[in-house]
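Q: Could you take me through a single part of this protein slowly, as if we were looking at it together? I'd like to see how one piece fits in with everything around it.

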Amino acid sequence: MKTDRVTAALLAIAPLHLAEAWDNVGWIVGAGEEVTRALLCIDYTRAVQDEADALGCDLVIAYHPVIFEGLKRVPQNSLVGHALRKGRAIYCPHTALDVAAGGTNSVLADAVGMTSSEPLRAIDPKRARNEAERKLGLGLVGPVQKTTRRELVALTKRALGLDHALVSGPLDEPCERVAVAAGSAGEMIKDAAKAGAQVYVTGEVRHHDALWASAAGMTVVCLRHSASERAVLSRVKAALAESVPELVVLLSERDRDPFEPL
């Protein structure tokens with residue numbers, strides 16, 4: 001199918017103007033006139049590359065950008081070099097998907113049972129193109145049905161299909177307000193505290209930030225970086241199936257977080 005139709009569908013899911021200024025989003029590699037089979041993943045690794053080869057995918061939608069900074073060389077055996085030789089396009093939404101309504105952080109908010117939400121950090125007004133976008137931002141905070149923090153952790157793990165989470169701070173205290181931010185969002189821990197969150201759910205947090213939060217009486221839940229992001233892929237797959245049904249969209253089975261609990 002025509003690539004411009006896929007582009008339109010992806011922009012409807014996560015408008016690229018919502019991405020952070022430092023980010024590298026959109027068509028990172030390729031983007032020929034047509035694509036037929038897409039593979040969804042968090043990270044475009046060698047394992048995912050081989051999977052895409054085996055499945056005959058001419059498009060990979062990788063949440064994390066395969067290129068963050070300018071390249072001076074593209075070795076033939078590099079991920080980018082291989083994709084170019086194969087005629088494979090790579091599209092990366094990253095922070096545009098985080099900020100978008102129904103995106104990465106919305107999935108986390110649903111997982112913790114948030115009943116309404118507002119952004120932890122409002123979007124730069126210059127990036128918003130309408131009233132709805134002016135209400136978006138990085139991270140979300142909002143109320144949940146009253147429970148204990150231990151029970152909230154269990155609920156979140158079940159919703160995301162996770163066996164483990166790292167937790168700091170009190171667990172048996174009540175919880176009525178939660179903040180979430182996918183990925184490496186430890187720098188927003190004080191935003192979460194300022195917003196009145198008793199629990200902060202994210203991918204990873206620095207040691208001293210966790211100590212600070214514990215001393216302040218806040219519980220921090222670290223799900224691992226990509227584990228906090230992965231659930232959004234199913235939502236992207238469903239949205240693409242509805243908007244461009246001719247495109248075969250597959251979820252990667254070889255995409256993995258680099259860290260695994262033993």
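A: Here is a walk around helix H6 and its surroundings. Keep in mind that this is a predicted model.

Let's begin with the whole thing, just to get our bearings. The protein has nine helices and eleven strands. Its radius of gyration is 19 Å, close to the 18 Å that the globule rule gives for 262 residues, so the protein is as compact as a globular protein of that length. Buried residues make up 50% of those 262 residues. If you look at contacts with a separation of 6 or more, 68% of them join residues 24 or more positions apart.

Now zoom in on H6. This helix runs over residues 149-160, so count along and you get twelve residues. From its first C-alpha to its last, H6 reaches 17 Å, close to the 16 Å expected at 1.5 Å a residue.

Which residues of H6 are buried? They are Arg149, Leu152, Val153, Thr156 and Leu160. These five cover an arc of only 100 degrees around the axis, which puts them on the same side of H6. There's a simple pattern behind this kind of thing: an α-helix has 3.6 residues a turn, so residues three or four places apart point the same way.

And what do the buried residues of H6 pack against? One partner is another helix, H5 (104-112). The others are strands: E6 (137-148), E7 (166-168), E8 (174-184), E9 (199-204) and E10 (219-222).

Next, follow the chain out of the helix. Just after H6 you meet glycine 161, with a positive phi of about 70 degrees.

Two H6 residues also turn up when you look at the nonpolar cores. The largest core has 49 residues, and those touching the most other members are Leu59, Ile61, Tyr200, Leu240 and Leu247. A second, separate core of 20 residues includes Val153 and Leu160, along with Ala109 and Ala227.

One last stop is the loop between E10, a packing partner of H6, and helix H9 (232-243), where you'll find arginine 224. Its phi is near 85 degrees, a positive value in a residue other than glycine. That's worth a second look, because most residues other than glycine have a negative phi. At 28% relative accessibility, arginine 224 counts as partly exposed.

So, back to the helix: its buried residues sit on the same side of H6, and they pack against H5 and the strands E6 to E10.

How values were computed: Residues numbered from 1 in each chain as written. Predicted model: local features only at pLDDT ≥ 70, side-chain atom pairs only at ≥ 80, totals over all residues. Heavy atoms only, no water. Helix = DSSP H or I, 4+ residues; strand = E, 2+ residues; numbered from the N terminus. Expected span 1.5 Å × (residues − 1). Buried < 20%, exposed > 50% of the residue type's maximum accessible area, 1.4 Å probe, protein only. Arc of directions from axis to C-beta. Contact = heavy atoms within 4.5 Å. Core = buried A, V, L, I, M, F, W, Y, C linked by side-chain atoms within 4.5 Å. Rg over C-alpha atoms; globule rule 2.2 N^0.38 Å.
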